[in-house]
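Biologist: I would like a close look at how the sheets and helices of one model are put together. Please keep the account plain.

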Amino acid sequence: MTEPAERIRRIAMELTAQSESGLAYSTNEFDIGRFHRVGALARDLMQMVAAGELPGYEREVASAAGYTTPKLDVRGGVFDPSGRVLLVREISDGHRWTLPGGWCDVLESPRQAIEREVREEAGLAVRAVHLAGVLDRHLWPHVPVYDRHIYKLLFVCAPLTDPAPASSSDGTSDRAFSSAETSARAWFDVDDLPELSVSRVLPEQIALLHRHWMDPGPAHVD
């Protein structure tokens with residue numbers, strides 16, 4: 001496949017993912033119609049690449065949609081020189097605290113995903129340096145229990161610039177920072193954590209990341 005054709009194929013894959021995500025979450029009939037149209041445009045692009053093999057592509061998409069696999073959540077452990085962990089306040093969960101992170105996007109590597117999430121949610125450029133855990137969310141006491149099967153990747157991340165000024169344990173000095181999903185960021189002692197968004201992160205998982213920050217070793221795998 002030529003380079004332009006491969007680029008078009010990847011664009012079509014991303015458009016298909018955007019269409020499916022939009023259809024999964026949208027309730028407005030006009031938005032639903034738009035996302036159906038995005039999916040149709042993605043198929044048109046694939047037809048340009050496949051030169052008449054569109055039915056095969058549609059069968060492949062249908063097969064993938066019918067075979068459910070776990071979703072992938074990434075979380076980043078960023079620590080200051082004294083070993084405190086960086087947490088952000090999650091707007092959608094009553095401003096409880098969590099590790100920065102979220103879902104991996106289509107055509108995005110796990111490293112790219114966690115580095116993007118930390119940048120978006122905490123305003124900090126980082127590099128993922130160590131995989132600390134591959135977790136099955138179902139095996140941990142998260143609340144609430146989801147009807148989807150979810151894997152969690154925990155990464156130790158190193159700041160690429162000096163971290164924001166250290167804040168007190170209640171996060172007051174960093175309340176000026178906010179994003180579309182978070183209302184504050186702060187550094188906390190791992191033994192003195194605030195109220196956590198336990199649907200996203202647990203104290204045991206922060207402790208696991210802290211151990212790997214101090215002494216990198218083989219990742220914990222459920």
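Biologist: To start with, what percentage of the 222 residues in the protein chain is buried? After that, please go through the five-stranded sheet in detail, and then the parts around it.

Modeller: This is a predicted model. Buried residues account for 40% of the 222 residues in the protein chain. Of the contacts with a separation of 6 or more, 66% are between residues 24 or more positions apart. The chain has 5 helices and 8 strands, and from the N terminus the elements follow the order α-α-α-β-β-β-β-α-β-β-β-α-β.

The sheet you ask about is open, with 5 strands in the order β4-β1-β6-β5-β8 and mixed pairing. Its edges are β4 (101-103) and β8 (220-221); each has a single partner strand, so one side of each lacks a neighbour in the sheet. Helix α5 (residues 203-214) packs on this sheet and touches β1, β5 (126-136), β6 and β8. The direction of α5 makes about 40 degrees with that of β6. Within the sheet, strand β1 (residues 71-78) runs parallel to strand β6 (residues 150-159), and 8 bridges join the two. One point to look for in the structure is G76, whose bridge partner in β6 is F155. As background, strands of a sheet pair through backbone hydrogen bonds, either parallel or antiparallel.

The other sheet is also open, with 3 strands in the order β3-β2-β7, and its pairing is antiparallel. Strands β3 (96-98) and β7 (182-188) are at the edges, each pairing on one side only. From one strand to the next, the twist averages 35 degrees. Strand β2 (residues 85-90) is joined to β7 by 5 bridges in the antiparallel sense, and L86 stands opposite W187 in β7.

That leaves the helix pair at the start of the chain. The axes of helix α1 (residues 3-25) and helix α2 (residues 29-50) come within 8 Å and cross at roughly 160 degrees. Angles over 145 degrees count as roughly antiparallel, so α1 is roughly antiparallel to α2. The crossing of these two helices is left-handed. On the α1 side, the residues that meet α2 include I8, I11, L15 and L23; their counterparts in α2 include I32, F35, V38, L45 and V49. By class, the contact of α1 with α2 has 13 nonpolar, 6 polar and 1 charged residues. Among the α1 residues in this contact are also R9, Q18 and G22, while H36 and G39 are among those from α2.

How values were computed
Residues are numbered from 1 along each chain as its sequence is written. This is a predicted model: local features need pLDDT of at least 70, side-chain atom pairs count only at pLDDT 80 or more; totals for chains, interfaces and linings use all residues. Side-chain values use heavy atoms; hydrogens and water are left out. Two strands pair if DSSP finds at least two bridges between them. Helices (H or I, at least four residues) and strands (E, at least two) are DSSP runs, numbered from the N terminus. Contact means heavy atoms within 4.5 Å. Axes are lines fitted to C-alpha atoms, for helices over the stretch in contact, and angles run from 0 to 180 degrees between N-to-C directions. Angles under 35 degrees count as roughly parallel, over 145 as roughly antiparallel, 65 to 115 as roughly perpendicular and the rest as oblique. A crossing is left-handed if the near helix is turned anticlockwise from the far one by less than a right angle, and right-handed if clockwise. Ala, Val, Leu, Ile, Met, Phe, Trp, Tyr, Cys and Pro count as nonpolar, Asp, Glu, Lys and Arg as charged, and the others, Gly among them, as polar. Buried means under 20% relative accessible area, exposed over 50%, partly exposed in between (1.4 Å probe, protein chains only).
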